[in-house]
Amino acid sequence: QVQLVESGGGLVQPGGSLRLSCAASGLTFSNYCMYWYRQPPGKERELVAEISTNGANTAYATSKKGRFTISRDNAKNTVYLQMKTVKPEDTAVYFCNARSILFGKIDEEYWGQGTQVTVSS
């Protein structure tokens, strides 16, 4: 059974930092591209960042570039999202997503349950 378990969320003050983790089990982690999404209150889920299977390539939603860093440790089956200089608008439930690609299409996809990040003074 595949599980993605996020952790590291919580209450943080504006301008602060936070590191989210997503631990994967039940899959060959190094075969999956990993993504962080977030869903602000009352809004649609949106992509935050993505990282390739070996971590060599990353991409970010424009507004997050420079403040957020995605990384992974395939030996620990874990993907991270380092958040710096957080803003109140970063308040959201953050989800990790694992995706395998076959012939250019999504073959398998899994979601975590999410972790709440609240940015407030």
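In strand E11, Gln-116 has Val-93 standing opposite. That pair is a good place to enter this predicted model, since it belongs to the pairing of E11 with strand E9, residues 92-102. The two strands run in the antiparallel sense and are joined over three bridges.

Stay with E11 for a moment and look at its side chains. The strand covers residues 115-119, and Gln-116 and Thr-118 point to one face, where they are not buried. Thr-115, Val-117 and Val-119 point to the other face and are buried. This is a pattern you may know well: in a regular strand the side chains alternate between the two faces of the sheet.

E11 has another partner too. Strand E2, residues 10-12, runs parallel to E11, and three bridges join them. Here Leu-11 stands opposite Thr-118 of E11. So E11 gives you both senses of pairing to look at: parallel with E2, antiparallel with E9.

Now let us follow a contact away from E11. Val-117, one of its buried residues, is in contact with Leu-18. Leu-18 sits in strand E3, which spans residues 18-25. Is Leu-18 buried or exposed? Its relative accessible area is 15%, and because the cut-off for buried is under 20%, Leu-18 counts as buried. Setting aside neighbours within four places in sequence, its contacts also include Gly-8, Gly-9, Gly-10 and Val-12, together with Leu-81, Gln-82 and Met-83. For a sense of distance across the model, try Leu-18 and Phe-103: they are 85 residues apart along the chain, and their C-alpha atoms are separated by 36 Å.

Further along E3 comes Ser-21. Ser-21 counts as buried, at 15% relative accessibility. Not counting residues up to four places away in sequence, Ser-21 touches Val-5, Glu-6 and Ser-7, then Trp-36, and also Thr-78, Val-79 and Tyr-80.

Which strands pair with E3? One is strand E1, residues 3-7, which pairs with E3 in the antiparallel sense over five bridges. The other to look at is strand E8, residues 78-83, also antiparallel to E3, this time over six bridges. Cys-22 lets you see both pairings from a single residue: Glu-6 stands opposite Cys-22, and in E8 the bridge partner of Cys-22 is Val-79.

With these strands in mind, step back to the whole protein. There are eleven strands and zero helices, and the pattern read along the sequence is β-β-β-β-β-β-β-β-β-β-β. Among contacts between residues at least 6 apart in sequence, 53% join residues at least 24 apart.

What about overall dimensions? The C-alpha trace spans about 45 × 30 × 25 Å along its principal axes. The radius of gyration is 14 Å, which agrees with the value near 14 Å that a compact globule of 121 residues would have. Of those 121 residues, 41% count as buried.

Finally, turn to the surface and the charges. The accessible surface comes to about 6,500 Å², and carbon and sulfur atoms account for 46% of that area. The protein carries 13 positive and 10 negative side chains. The centres of these two sets lie 7 Å apart.

Notes. Residues are numbered from 1 along each chain as its sequence is written. This is a predicted model: local features need pLDDT of at least 70, side-chain atom pairs count only at pLDDT 80 or more; totals for chains, interfaces and linings use all residues. Side-chain values use heavy atoms; hydrogens and water are left out. Buried means under 20% relative accessible area, exposed over 50%, partly exposed in between (1.4 Å probe, protein chains only). Helices (H or I, at least four residues) and strands (E, at least two) are DSSP runs, numbered from the N terminus. Two strands pair if DSSP finds at least two bridges between them. The radius of gyration is taken over C-alpha atoms; the globule rule is 2.2 Å times the number of residues to the power 0.38. Contact means heavy atoms within 4.5 Å. Accessible areas come from the Shrake-Rupley method with a 1.4 Å probe; for residues, only the protein chains shown count as cover. Lys and Arg count as positive and Asp and Glu as negative; His and the chain ends are not counted. The place of a charge is taken as NZ of Lys, CZ of Arg, CG of Asp or CD of Glu.
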